[in-house]
Every structure is written in C-alpha cells, then in structure tokens.
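Here is a short tour of one protein model, written for someone who likes to see contacts, strands and empty space side by side. Have the viewer open as you read.

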Amino acid sequence: MTRLFLASWLSRLDLVNEVNPPYVLESFQYLRSINNENLKKFMGYIKSNKCKMFLLDSGAFTYMEKIKTDKNLSANQFEKYVDDYIDFINKWDIEYFFEMDIDVVVGLEKVEEYRKRIEEGTGKKTIPVFHRERGKDYFIKMCKEYDYVAIGGLVGTGYSKKHHKYLQWFVETAHQYNTKIHGLGFTSVEGLKRYNFDTVDSTSWLSGSRFASFVRWNPIEKKLEKIDKPENRRMKKGAYKKIDTVAGREWIKFGNYLEKHNKEKVLKWEEKE
C-alpha cells in the first residue's frame, strides 16, 4: 500500500474542494505567503473529513534560495523562519511535517540543531529527510530513532534514474525497523510498482495544463496516459481549469490503485508496539 500525495494545491486553490484530494502535501514557504482568507480556506479543507492525511514540507530550501536573490532578506532571518514554522505547526495542530533538510546550505550539524529545536517547540517528531551525502549508516540511525523518514533528491539531478536500483534497500531497511518511508517527488508508475514506499508526493498532476494535454488513468494497463490536444486547435477559455480538474481526479484514481497494489508487502499503518 502506497499513499500518493498530490502537491502544489495553492496554485489551484479553486479546485481543492472540487477535486477533493484525499492526501495532500504543501510547502510552508508558500502557505506563509498567501492571504489569510485563502489560508483559512485551504486549512479548512485539510482539517475536513475529505482530507485523510496532510504532509507539511518545510520549504526551507526554497526560502534559502530566495535569500540569495532578494536583497531585502538576510541569512539570519532564517532563524525567524524556523520559529514561524513551529508556530504554524502548533496553531494548526499539524501531525506530519518534514525537517529543515538544507544540509547543502548550512551543514548537517545545523540541520540537526534545527530538528531538535522544532521537536522541542512542537512536542512532536519531525520527518527527517535523508540525502545521500549523509551516508548509509546515518539512514539506519534515522530508522532506529524515528517512526517516519523520507528520502530526498529523487527529482532532477540530485538522484538520477541510474541510482533508483538502490531504492528498495532504503524501503526494506526502513520497514525492518518498523519505520514508514516517504519518497519525495517520486511518482514513476513503474517505479512505484517496484519500490514499496509507504507514501510519495507529486506535482505532476499539474503538468497537463502546462502542456495543454489531458491525462487519464488506464485501469487495464495500469498506467497514466497523456492525451494531446489536436494540432492547430486553440484552447478555449476555461479549458486549463478543466484540464487540471480532470488530471487531479485521474491522479487520485492512480493513487487508489497504489493503495491496493502490493498491500501484503508493505508496512501497515499501525503504531509501534
């Protein structure tokens, strides 16, 4: 059983109550930037019975990248960012949230310091995020100490497809310690059949409107199919909203399939004994 979290709903906030995604991931960096009305609308959905589970990404790397380009920001403002993250988690009683995994910016020691600070400030454990620079032994340490861990760098150049063959080791090692594992940004259909992550997330459901193409879940062939618009045909007004609406619903069908696939092989969502 793998739970698929659809991400980046703030870019299509008008659709969240129409599509009703059961599993949602959003970044704190973006949540802190929207107006109060939209924040209440989004968090209202997250707290409703329609949302089965919510994952909060720290957005720390995005924020640090913003510091590099925004002259009005400075590195020491990141300390306030951490405090704001803690306050947000407490205000909305967020259960699952990722650590500030910015090893490449501030180093692992500082990341561990932030992790401890967040956990003390919220009274809850973070979801630590493994990056390959931390090394094999560190991942095992994470699994021994945490009920829920994540592996990052699966998107873009951080972890190329040639390294995907090692992913099952991470999944099996986590499950060996009765720990759940999240694959950040990992939504290869074939990969998810092979690697039994407990949870994964994706923004790919939004790619259709970017490329003017529909997507549908094929339950027979067990794959998502892209349907391109006919050549020399212009998109009508409102078509992009329809594309994203359809895509969201089809990706949820994909997610329903993943929840049932290889159910007997993966960790059940139960508390540790």
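The side chain of E250 makes a polar contact with the side chain of K253, at 2.9 Å. Please keep in mind that this is a predicted model. The E250 side chain also reaches the backbone nitrogen of W217, at 2.7 Å. E250 sits in helix α12. Is E250 buried or exposed? Its relative accessibility is 10%, and buried means under 20%, so E250 counts as buried. Leaving aside residues up to four places away in sequence, E250 touches V215, R216, W217 and L224.

Helix α12 turns up again when we look for enclosed space. The model holds two cavities of 30 Å³ or more, and the largest has about 50 Å³ of space. Its lining is made up of L4, L6, P22, Y23, W251, I252, G255, N256 and E259. Two elements, β1 (3-7) and α12 (239-260), each give two or more residues to that lining. The largest share, five residues, comes from α12. Sorted by class, the lining has six nonpolar, two polar and one charged residues.

Strand β1 deserves a closer look. Five of its five residues are buried. On one side these are R3, F5 and A7, and on the other L4 and L6, so both faces of β1 are covered. L6 has bridge partners in two strands: S202 in β8 and V24 in β2.

Now for the sheet as a whole. Eight strands form an open, parallel sheet in the order β4-β3-β2-β1-β8-β7-β6-β5. Which strands stand at the edges? They are β4 (96-97) and β5 (129-130); each has a single partner strand, so one side of each is left without a neighbour in the sheet. In general, strands of a sheet pair through backbone hydrogen bonds, either parallel or antiparallel.

Here are three of the pairings, with an example bridge for each.

| Strand pair | Bridges | Sense | Example bridge |
|---|---|---|---|
| β1 and β8 (residues 199-202) | four | parallel | L6 with S202 |
| β1 and β2 (residues 23-27) | two | parallel | L6 with V24 |
| β6 (residues 148-151) and β7 (residues 180-183) | four | parallel | Y148 with K180 |

To bring the threads together, L6 is part of the lining of the largest cavity, is buried in β1, and bridges to S202 in β8.

Conventions. Residues are numbered from 1 along each chain as its sequence is written. This is a predicted model: local features need pLDDT of at least 70, side-chain atom pairs count only at pLDDT 80 or more; totals for chains, interfaces and linings use all residues. Side-chain values use heavy atoms; hydrogens and water are left out. On a 1 Å grid over the protein atoms alone, a cavity is a set of points where a 1.4 Å probe fits but cannot get out, and a pocket is an open set with protein on both sides within 12 Å along at least five of seven lines; lining residues have an atom within 4 Å of a point. Grid points are joined across faces, edges and corners, and a volume is the space filled by probe spheres set on the points. Ala, Val, Leu, Ile, Met, Phe, Trp, Tyr, Cys and Pro count as nonpolar, Asp, Glu, Lys and Arg as charged, and the others, Gly among them, as polar. Buried means under 20% relative accessible area, exposed over 50%, partly exposed in between (1.4 Å probe, protein chains only). A polar contact is a pair of N or O atoms within 3.5 Å; within protein, one must be able to donate a hydrogen and the other to accept it, and residues adjacent in sequence count only if both atoms are side-chain atoms. Contact means heavy atoms within 4.5 Å. Two strands pair if DSSP finds at least two bridges between them.
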